[in-house]
Amino acid sequence: MLSHVLSYPVAAAKGPVERVSDEELARRSRQGNNDAYAVLVERYQRSVVNLVYRLVGDWQTALDLSQDIFLHVYQSLDRYDPERPFKPWLYRVATNLVYDHLRRQQRRYRILDTVEVTPEVADEHLTNPEELALQGDIRRAVEEVIAALPPHYRAVVVLRYLEDMSYREIAAALDIPLGTVKTHIHRARELMRAELAAKGWMP
Amino acid sequence: MSTHLSEEILHAYLDGDLAWEARQRVREHVRTCGVCRRRLEDLRRAEYALRQIPTFTVPANFTAQVMQRIRTASTPPWRQRSFVWAAHGLVLVGGLLLALAVAESVPFSALAEQGFSLLTLDPTFLIDPLLLLDAMAGVFAHAVDGLMQVGETVVPLGMGLLALGSFLEMVHWLSTMASEPSSKEPLTEVRPWA
């Protein structure tokens, strides 16, 4: 299977590709430029799929749902205002679609809020085995903590710790009050602290 | 005063939410209070751990699949491949049924007889080849009659399917005349990274 590589040359001339802003790409996509949209998908696919994965707990579902999300975003572009930041808007659409999906799942199977996170091979950027082992343990621990959180908490935590979004951006993305964002983060910290203590990693 | 720092204060400190003076007070306090220093360090460690959420690589064809879905979604139904094949199928089946219906009808038992004599190569056929041809025509006619026994629904059914199929073909053909070609383009272009 060939992997198709897309690039978007900003100027027709040869030379390095300057970085076009998300908002500009979204604006061009709105005007019918599909290549611009493909660049946006390339930029955000990892973030979106990993966020969705943390919310639904299954990798294949995350991939399928993310495709739906990017399709939906494309079709909703006429409702996006390029004067406003793109990233929170993208996450707003994404989380809404995921919540819809979770609600449908709950109606059908009455699944509890906590999900089983299926183990996958993680990207490793570490060198020595001890570091690797400890990192592995911490990673598993944090995955458990996150999986045990209700979906709304999970979204806040992932946007904060994976996407490095500010509290304000998270509040805008999820359409919740700033205070709620902070409370969720504090709760996550406390749970994580308790988990680390339980595992005996607090010296 | 030997009061300890509240959890709220510690969280706010980590959030960067405290004014300069309040921050200074916290720093001063943890310098001397071992308990609160421990609590702050524990929360810091929790912060660090939370940043260790594993992330995974998305398959290489993800973007291509998204763009394909966009294309399909923006292609009207009468331009899609499945529509064209459905039209072809209807025309074929309808036409076949009609073709069979116009052929002559002969009962099945006679079919079996003639077929058998053909297979055993009755010596009379060697004498007169015309008899052989006649026998073969008889076999074919017997087959058609067998189908005709199925009912008089064959003719109207055949006509209906043929008409419907032809209509769909025409709709598709007209739509290709009306607009620029879109769904037949290659999925993505491979371009060198600049």
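Buried means under 20% relative accessible area, exposed over 50%, and partly exposed in between, with a 1.4 Å probe and protein chains only. I will use those words throughout.

This is a predicted model, so local features need pLDDT of at least 70, side-chain atom pairs count only at pLDDT 80 or more, and totals for chains, interfaces and linings use all residues. Residues are numbered from 1 along each chain as its sequence is written, chains are lettered from A and ligands numbered from 1 in the order in which they are written, and side-chain values use heavy atoms, with hydrogens and water left out.

Chain A to begin with. Its secondary structure comes to eight helices and zero strands; helices (H or I, at least four residues) and strands (E, at least two) are DSSP runs, numbered from the N terminus. Of the 203 residues in chain A, 46% are buried. Take the contacts in chain A with a separation of 6 or more: 62% of them are between residues 24 or more positions apart. A contact is heavy atoms within 4.5 Å.

Next, salt bridges, meaning a side-chain nitrogen of Lys or Arg within 4 Å of a carboxyl oxygen of Asp or Glu. How many does a search of the whole structure find? It finds 20 over all chains.

One pair is Arg54(A) and Glu143(A), at 2.8 Å, N to O. This pair links distant parts of the chain, with Arg54(A) in helix 2 (residues 34-56) and Glu143(A) in helix 5 of chain A, 89 residues apart. Both Arg54(A) and Glu143(A) are buried. Helix 5 (residues 129-148) also holds Ala147(A), which counts as buried at 8% relative accessibility. Ala147(A) is 90 residues from Gly57(A) in sequence, yet the two are 7.6 Å apart in space, C-alpha to C-alpha.

A local pair for contrast: Arg103(A) and Asp100(A) form a salt bridge at 2.6 Å, N to O. Because they are three residues apart in helix 4 (residues 86-109) of chain A, about one helical turn separates Arg103(A) from Asp100(A). Arg103(A) is partly exposed at 45%, and Asp100(A) is partly exposed at 32%.

In chain B, Arg51(B) forms a salt bridge with Glu47(B), the closest N and O atoms being 3.5 Å apart. Arg51(B) is partly exposed at 35%, while Glu47(B) is buried at 10%. Salt bridges that share partners join these two with Asp164(A), Arg189(A) and Asp15(B) into one network.

Asp164(A) has a second point to note. Where is Asp164(A) placed? It sits in the loop between helix 6 (151-161) and helix 7 (167-174) of chain A, and its phi is near 55°, a positive value in a residue other than glycine. Most residues other than glycine have a negative phi. Asp164(A) is exposed, at 55%. Asp175(A), in the loop between helix 7 and helix 8 (178-198) of chain A, also has phi near 55° and is exposed at 57%.

Last, helix 2 (residues 20-32) of chain B. In it, Ala22(B), Val26(B), His29(B) and Val30(B) are buried. They cover an arc of only 90° around the axis, taken from the directions from the helix axis to the C-beta atoms, which puts them on the same side of helix 2 of chain B. On the other side, Trp20(B), Glu21(B), Arg31(B) and Thr32(B) are exposed. The cover over the buried residues includes helix 1 (7-15) and helix 3 (34-50) of chain B.
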